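Dear colleague,

I am handing over the structure we talked about, and below it you will find what turned up when I went through it. Please keep the structure open while you read, so that you can look up each place as it is mentioned.

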Amino acid sequence: MIVELEKDLPPEAKTDLILKLKANRCDCRELPPVAGERIGVLGKPGCSEEEIRRLPGVARVLRVKTPFKLVGREMHPQDTRVRVGDVLVGGENISVIAGPCAVESLEQALTIAREVKRAGAALFRGGAFKPRTSPYSFQGLEEQGLKILAEVRETLGIGVVTEMTSPSQADLMMKYIDVVQVGARNMQNFELLKCVGRMGKPVLLKRGLSGTIEEWLMSAEYILAEGNHQVILCERGIRTFEPYTRNTLDLSAIPVLKKLTHLPIIVDPSHATGMREKVSPMARSAVAAGADGLMIEVHHDPEHALSDGAQSLYPQQFRQLMRDIYVIAPVVGKQLDFSHLERVRVIERKRQNGSARQRAGFMGRIGTFSHKACLQYFGDAAEAVPLPTFQSIFEAIRAGGIDYGIVPLENSLSGSIHENYDLLRDYDLRIIGEVKIRIMQNLLAKPGTDLSDIRRVLSHPQGIEQCRQFLSQHQWELVAVSDTAGAAERVSVSQDAGEAAIAGLITADIYGLAVIAEGIETNPRNYTRFVVVGREPIENRLASKTSLILSAKNEPGALFSILQVFAEQKINMIKLESRPIPGEPWRYMFYIDIETDLESEALSTVRAALVDKSEYFKVLGCY
Ligand code: PEP
Ligand code: MN
């Protein structure tokens, strides 16, 4: 049950209450506050619910309806993010775990780990204790395999995941591994579950071959009951009557689980399908269905793999899959970030040197799309700081008040945001990264409001503009305000029950509003690309894109000769836009994005040629 405490209960009174509960054989757990402090009570207490209700300091007692108490959303409504070193699984990131089915040798593990890391995998997998159907099949390298995994981590700086098949392996796992996997065959091995619960390391809990969702969640409950809340659920297909695939991937488990539990959910399409060519389609579908990540088997020489070669992707296929996921993720409000590890490390290193927490500025207030972009890019690696204008962000970075800024550079429907290009030209700052956000607009109002109650709708002028088609079906008064989050805030405190706001979904949570209509923007292909700006380039060996501004000389063929450089070097140009140079009528500046790291050593002569052919030339950043 959930015991809600009286408002502003002094800490001593809370301690007193907990002691009284414990005296009544209540197993008490700290719960995250929801509108007030709460205590979770597990199991059957030694007194009645009524007696608990009468204890001093208790405001209310609520029964938890589901059998999975700690795992369910009643006790813990907010999403859990599982931290594995620098990687956060859950929330807005798609985390991909990739590697061979089994560790076969140091050379094999390093070869594959290099490939998957380069393609953007966040963690490396490889089995050392293999639960095989036949006792005569390869059983894994055991401790030797774990040592190899630890060496992969040391060499490449990537966290490692492996399966633990018995509590007797706990010490070895503690020594060598970052995430312990409980395999499908052990989902209900309760001694193993209790053991990984006590170990306290992040756990990846696979769904059993015939496990129901409730049984699976009860297994996770075993781990949380031991005090370990760092659990990632992994759907890997269930046994059905269908023989064309190894198992049947239950994608509907994702939305079902998202409602029931706060734990992150990833999908393993490799063991689900058992066939290489089926893996990528199911991986793409899993992300579209809302999964927080994927576990994919990859092998550089699958024909000779010691296990599961038939379902292992070639590195090239894995790279292509990662590019597809990169495109799909923003559709469902998430992102796959290829250089996440590099970047977080740079930010962390700076923090260690300068000690203070890094700060990142965005324009507007909490709950705007800029704020979402900031959270999506930095996670908890930097503090998000709201600032009033774009220029104030650039100023604050220059003056050192903040370390980074995040500003929109272009929208897929309305084009470039010239003010920010101008600021990038004028300030001596650098683009160090980017994030694309899908702009989904929603009609929000106080809980209990019906569509027919609405008389007036507030939003940023662009929010209103983007929803014209939906709005034209109603006779509502439309009121333009300075930003979407401001509209939501005003509706939340308004006395007028007929008011609604058009804003992003996160503002509904922040201001306690209900979603009356979701996705009401006319054109669903509405994305904004934000760039992250800092004082100096970050060391990013994975940079694959350069943004630059240049103006061509005032002579025939000037722009042509610049573009010829790209053509000759086979450099792919993904953006070319011109705009007038302020104060110089009929002269133009070009915004160019190319798919290469123009500041790499190898391209120094190319860079020199471009500078030579341009009148003005500035690299805004390589990222
Ligand atoms: C594995 O991931 O290596 C594995 C054996 O998977 P599962 O437990 O899902 O069969
Ligand atoms: Mn396998």
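**The metal site**

The manganese ion (ligand 2) is held by four protein donors, Cys101 (SG), His271 (NE2), Glu297 (OE) and Asp308 (OD), which lie 2.0 to 2.3 Å from the ion. Please bear in mind throughout that this is a predicted model. Written as a pattern along the sequence, the spacing of the donor residues of the manganese ion is C-x169-H-x25-E-x10-D. Two of these donors link distant parts of the chain, since cysteine 101 sits in the loop between strand S7 (95-99) and helix H3 (106-118), while histidine 271 belongs to helix H9 (residues 269-273), 170 residues apart. Are cysteine 101 and histidine 271 buried or exposed? Both of them are buried.

**The pocket of ligand 1**

Around ligand 1 you will find Arg125, Lys130, Glu163, Gln181, Gly183, Ala184, Arg185, Lys206, Arg236 and His271. His271 therefore appears in this list and also among the donors of the manganese ion. By type, the shell around ligand 1 is made up of six charged, three polar and one nonpolar residue. Which distances separate the polar side-chain atoms of lysine 130 and lysine 206 from ligand 1? For lysine 130, a polar side-chain atom is 2.9 Å from an oxygen atom of the ligand, and for lysine 206 the value is likewise 2.9 Å. In the side chain of arginine 185, an N or O atom lies 2.8 Å from an oxygen atom of ligand 1. Taken alone, ligand 1 would expose 290 Å², and the protein buries 96% of that.

**Residues around the metal donors**

Glutamine 311 is placed in the loop between strand S14 (293-297) and helix H11 (315-328), and it counts as buried because its relative accessibility is 1%, where the cut-off for buried is under 20%. Its side chain makes a polar contact of 2.7 Å with the side chain of arginine 246. Leaving aside neighbours within four places in sequence, the contacts of glutamine 311 include the metal donors His271 and Glu297, and among the others are Ser270, Gly274 and Met275.

Glutamate 104 is found in the loop between S7 and H3, and at 19% relative accessibility it still counts as buried. Not counting residues up to four places away in sequence, glutamate 104 touches Leu141, His299, His304, Ala305, Leu306 and Ser307.

Phenylalanine 124, in strand S8 (residues 123-125), has a relative accessibility of 0% and therefore counts as buried. Between phenylalanine 124 and glutamate 297 there are 173 residues in sequence, yet their C-alpha atoms are 9.9 Å apart in space.

**Helix H6 and what it packs against**

In helix H6 (residues 190-199) the buried residues are Leu192, Leu193, Cys195, Val196, Gly197 and Met199. These buried residues pack against helix H5 (170-176), strand S10 (179-182), strand S11 (203-206) and helix H7 (213-225). Just after H6 comes glycine 200, which takes a positive phi of about 80 degrees.

**Two positive phi angles outside glycine**

Most residues other than glycine have a negative phi, and it is worth looking at two places with that in mind. Glutamate 142, although not a glycine, has a positive phi of about 55 degrees; it lies in the loop between S8 and helix H4 (143-156) and is partly exposed, with a relative accessible area of 40%. Lysine 570 also has a positive phi of about 55 degrees without being a glycine. You will find lysine 570 in the loop between helix H20 (558-568) and strand S27 (573-581), and with a relative accessible area of 76% it counts as exposed.

**A buried arginine**

Finally, please look at arginine 438 in strand S19 (residues 430-438). Is arginine 438 buried or exposed? Arginine 438 counts as buried because its relative accessibility is 16%. A polar atom of its side chain lies 2.9 Å from the backbone oxygen of valine 331. Not counting residues up to four places away in sequence, arginine 438 touches Val331 and also Pro330, Phe369, Glu521, Pro524, Asn526 and Tyr527.

With best wishes

Methods
Residues numbered from 1 in each chain as written. Chains lettered and ligands numbered in written order. Predicted model: local features only at pLDDT ≥ 70, side-chain atom pairs only at ≥ 80, totals over all residues. Heavy atoms only, no water. Near = heavy atom within 4 Å. Polar contact = N/O pair within 3.5 Å; in protein donor to acceptor, adjacent residues only side chain to side chain. Areas by Shrake-Rupley, 256 points an atom, 1.4 Å probe, with all protein chains shown as cover. Nonpolar A, V, L, I, M, F, W, Y, C, P; charged D, E, K, R; others polar. Donors = N, O, S within 2.8 Å, 3.2 Å for Na, K, Ca; no water. Helix = DSSP H or I, 4+ residues; strand = E, 2+ residues; numbered from the N terminus. Buried < 20%, exposed > 50% of the residue type's maximum accessible area, 1.4 Å probe, protein only. Contact = heavy atoms within 4.5 Å.
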